[in-house]
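Open the model in your viewer and keep the selection tool at hand. Each stop below says what to select and what is there.

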Amino acid sequence: MAPMVVNLPLDYIVLAVKELGRFHGECYGMKETRPDQFDRIRRKFKESRYAVDITDETWLTLMEVAAKRAIRAAKESRFGAEIPEEYLAKLARLFEVPWEHAKRKVAPREPMAIICHGDYLRNNMAFRYDDAQDSEKPTQVMMFDFQTLRYASPMIDYATFLANSTGYGVREHHFEHIFQLYHRELVQTVARIVGVSDVTELAPHFSYELFHRELAEYYSYGFNIASSFLMVLYEPMEISFTEVLMTREEAEADAWQRGGEPLNRELAAMVYEMYQLHSRYGLEPV
């Protein structure tokens, strides 16, 4: 596991997105070349996280406050003047019930749907170092913990990783480059499996532009998770969250402040990134 809890450095991010691209590419390769076998496998998947409604009032409160906090942080940040008030209002409506938003997003949509890891975060990756004493130079990564495998958009995995395991300090300068590395690894893997020498020979839905638009439509899923999950990474609780007994008022107050200004800056940046992505493709908050 990476030694840092949040905001992976670029070297780690590059390995992680290329590994994710390879994983998705191999799954697409099976979908293209062995559709019957692929279909038998994916039909065995059962939604493990969003199959039932959440009943924990403390967690529900935290999720509801998290999106509101992010929107307030965006208004008060250096991005505030660039994000229209109308967009922020629509975003607030989108996340009035965050759990329902997530449930909608994990529903598969063809032809992009593929087998996803389902929880592609820094804590579900093992990094290898040629020099065990130098944790700043990872050379390989392996994903593990496949309990949440699902059939959904590949951006469920990518957006989850980007929003929860990277920081805006890196994304601000490398957002497109990181996505290019992921997509290149994916299409090259698919091309190798289906037996074409040029990735442009693949089906149109493998194009960079269509994958990038998919990211625009699904980045909100990663944000939805990050807005509530990052606060306990930035400022861990002394005991497990599930063991904490709070009133609704206490949970709400805690959710507004946990993680402090460093988290507020990250949440504001994600809201700004969503606005940029949606604007690029003329999308409403989705």
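Two rings of Phe, Tyr or Trp count as a pair if their centres lie within 6.5 Å. The model is predicted. Now select Tyr158, Phe179, Tyr182 and Tyr208: these residues form one aromatic cluster.

**Aromatic pairs**

Across the whole structure, a search finds 18 aromatic pairs. Select tyrosine 28 and phenylalanine 211. Their ring centres are 6.2 Å apart and the planes meet at 70 degrees, so this pair is edge-to-face. The pair joins distant parts of the chain, 183 residues apart. Tyrosine 28 belongs to helix H1, residues 10-33, and phenylalanine 211 to helix H8, residues 208-234. Tyrosine 28 and phenylalanine 211 are both buried.

Next, select phenylalanine 79 and tyrosine 272. This aromatic pair is stacked, with 4.4 Å from centre to centre and 15 degrees between the planes. Again the link is between distant parts of the chain, 193 residues apart. Phenylalanine 79 sits in the loop between helix H3 (57-76) and helix H4 (85-94). Tyrosine 272 is in helix H10, residues 260-280. Both phenylalanine 79 and tyrosine 272 are buried.

**Core**

Which residues have the most contacts inside the largest nonpolar core? Select Tyr158, Tyr182, Phe211, Tyr219 and Val271. The core itself has 94 residues. Helix H8 gives the most to this core: 12 residues.

Stay on phenylalanine 211 and show its surroundings. Beyond its neighbours within four places in sequence, phenylalanine 211 is in contact with Tyr28, Met112, Pro154, Met155 and Phe179. Its other contacts of this kind are Tyr182, His183, Leu186, His205 and Phe206.

**Charges over rings**

Select arginine 72 and tryptophan 256. The charged end of arginine 72 sits over the tryptophan 256 ring, 4.2 Å from the ring centre. Then select lysine 105 and tyrosine 218. Lysine 105 lies over the face of tyrosine 218, and the distance to the ring centre is 4.6 Å.

**Cysteines**

How many disulfides does the structure hold? Zero. To see why, select cysteine 27 and cysteine 116. The cysteine 27 sulfur has its closest cysteine sulfur in cysteine 116, at 8.2 Å, which is too far for a bond. The cut-off for a disulfide is 2.5 Å between the sulfur atoms. Seen from cysteine 116, the closest cysteine sulfur is that of cysteine 27. Cysteine 27 is buried at 11% relative accessible area, and cysteine 116 is buried at 0%.

**Histidine 278**

Move to helix H10, where histidine 278 lies. Is histidine 278 buried or exposed? Histidine 278 counts as buried, because its relative accessibility is 1%. Its side chain reaches the backbone oxygen of alanine 216 at 3.1 Å. Leaving out neighbours within four places in sequence, histidine 278 is in contact with Tyr87, Ala216, Leu283, Glu284, Pro285 and Val286. For a distance check, add threonine 61. Histidine 278 and threonine 61 are 27 Å apart, C-alpha to C-alpha, and 217 residues apart in sequence.

**Asparagine 224**

Finish in helix H8, at asparagine 224. With 6% relative accessibility, asparagine 224 counts as buried. What does asparagine 224 touch, not counting residues up to four places away in sequence? Select Met63, Phe95, Pro98, His101 and Ala102 to show these contacts.

Note on methods:
Residues are numbered from 1 along each chain as its sequence is written. This is a predicted model: local features need pLDDT of at least 70, side-chain atom pairs count only at pLDDT 80 or more; totals for chains, interfaces and linings use all residues. Side-chain values use heavy atoms; hydrogens and water are left out. Rings of Phe, Tyr and Trp (its six-membered ring) pair if their centres lie within 6.5 Å; planes under 30 degrees apart count as stacked, over 60 as edge-to-face and the rest as tilted. Helices (H or I, at least four residues) and strands (E, at least two) are DSSP runs, numbered from the N terminus. Buried means under 20% relative accessible area, exposed over 50%, partly exposed in between (1.4 Å probe, protein chains only). A charge sits over a ring if NZ of Lys or CZ of Arg is within 6 Å of the ring centre and within 35 degrees of the ring normal. Contact means heavy atoms within 4.5 Å. A polar contact is a pair of N or O atoms within 3.5 Å; within protein, one must be able to donate a hydrogen and the other to accept it, and residues adjacent in sequence count only if both atoms are side-chain atoms. A nonpolar core is a set of buried Ala, Val, Leu, Ile, Met, Phe, Trp, Tyr and Cys residues joined through side-chain atoms within 4.5 Å.
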